[in-house]
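Colleague: Could you take me through one aromatic ring and its surroundings, slowly enough for a first-year student? I would like to see how the pieces around that ring fit together.

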Amino acid sequence: MELGLTTFAELYPTGDRPAPTAAQRLRQVVDEAVATEAAGLDVYGVGEHHRKDFAASSPAVVLAAAAARTERIQLTSAVTVLSSDDPVRVYQDFATLDGLSNGRAELMAGRGSFTESFPLFGYDLSDYDALFEEKLALLLRLREEGPVTWSGRFRAPLQDATVYPRTDGRLLPVWIAVGGSPESVIRAGLLGLPLAIAIIGGEPARFKPLIELYHRALAEGGHEKQPVAVHAHGYVADTDAQAVAEFYEPYALAMSTIGRERGWGPMTREQFDALRSQSGSLFVGTPDYVANKIGEVRDTLGLDRFMLHTSVGTLPPGQVLHSIDLLGNKVAPQVR
């Protein structure tokens, strides 16, 4: 199973530490990608957001900077908000990244759980589903060889258009990223695309029926088995007490901030402890504990990739780099 890290380049203050500037945080993110490769991990992902508490509005640009300082690790968006973007430009950006990285680019396409990009780029949220369906169909056409003739509702038509640059000797890998919608899971299966599931609450075992639904959709669409990935929050430290002490405050601040926007109550220590229990969605603790928990989720859900999102709140860079080192050198060997 592949193991890696994801980030949204978060910009939260914690305690008496002010939030970093966007420029500082973006440079830290590139350092984290380098550390992820140095620790022997497989993939690093950057998510797209368009708001003041996240610095990465252009994952392809951030990943290109990481590509220049790495040699082996897969570089993916996590996710690209395809609904509010132009599939032509998305393909160009990630084909360019693929060339710069010598064939290491991936794209995770999602509808977007944050919606700031829709008004920013002139889209109506009432078209939320239609936008994604149409733009995904065009993106998949564009990655095939040969000219594309196409027309739709949300962008200018194309007539015998070939989009450049092309990827070198392979199709650009496109995953479908979902938060738990059965419709999205079915879409991924019918299209024969890899599936990435964000598990940020509840119990990971409850997602098993969705993955079974995905495999049925793959079979119905006449496709071979495709990879399944999970993205989850977590942090690895030398001791359980250290992991909780360093992760809880930044995590609770970030989740409570977002919760106020979405009608959730503030994150409490009781909720946190429940989430980091053996059956919960948080992977926080010692290397042994996190490895065991990842292994259980892998076996329950049949995973091919697990991506840990550590900077849910903004942690000091040294703590993040140490957690990455433990994930690669202590957790990964046990999981594998």
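Modeller: Happy to! Let's start with Phe 114, which is buried, with a relative accessible area of 13%; buried means under 20% relative accessible area, exposed over 50% and partly exposed in between, using a 1.4 Å probe and protein chains only. Before going on, please note that this is a predicted model, where local features need pLDDT of at least 70, side-chain atom pairs count only at pLDDT 80 or more, and totals for chains, interfaces and linings use all residues. Residues are numbered from 1 along each chain as its sequence is written, and side-chain values use heavy atoms, with hydrogens and water left out.

The structure holds ten aromatic pairs; rings of Phe, Tyr and Trp (its six-membered ring) pair if their centres lie within 6.5 Å, and planes under 30 degrees apart count as stacked, over 60 as edge-to-face and the rest as tilted. In one of these pairs, Phe 54 and Phe 114 have ring centres 5.7 Å apart and planes at 75°, so they meet edge-to-face. The two residues are 60 apart along the chain: Phe 54 is in the loop between strand 2 (43-46) and helix 2 (59-67), and Phe 114 in the loop between strand 5 (105-110) and helix 4. Helices (H or I, at least four residues) and strands (E, at least two) are DSSP runs, numbered from the N terminus. Phe 54 is buried as well, at 6% relative accessibility.

Phe 114 has a charged partner too: the charged end of Arg 262 sits over its ring, 4.4 Å from the centre. That wording requires NZ of Lys or CZ of Arg within 6 Å of the ring centre and within 35 degrees of the ring normal.
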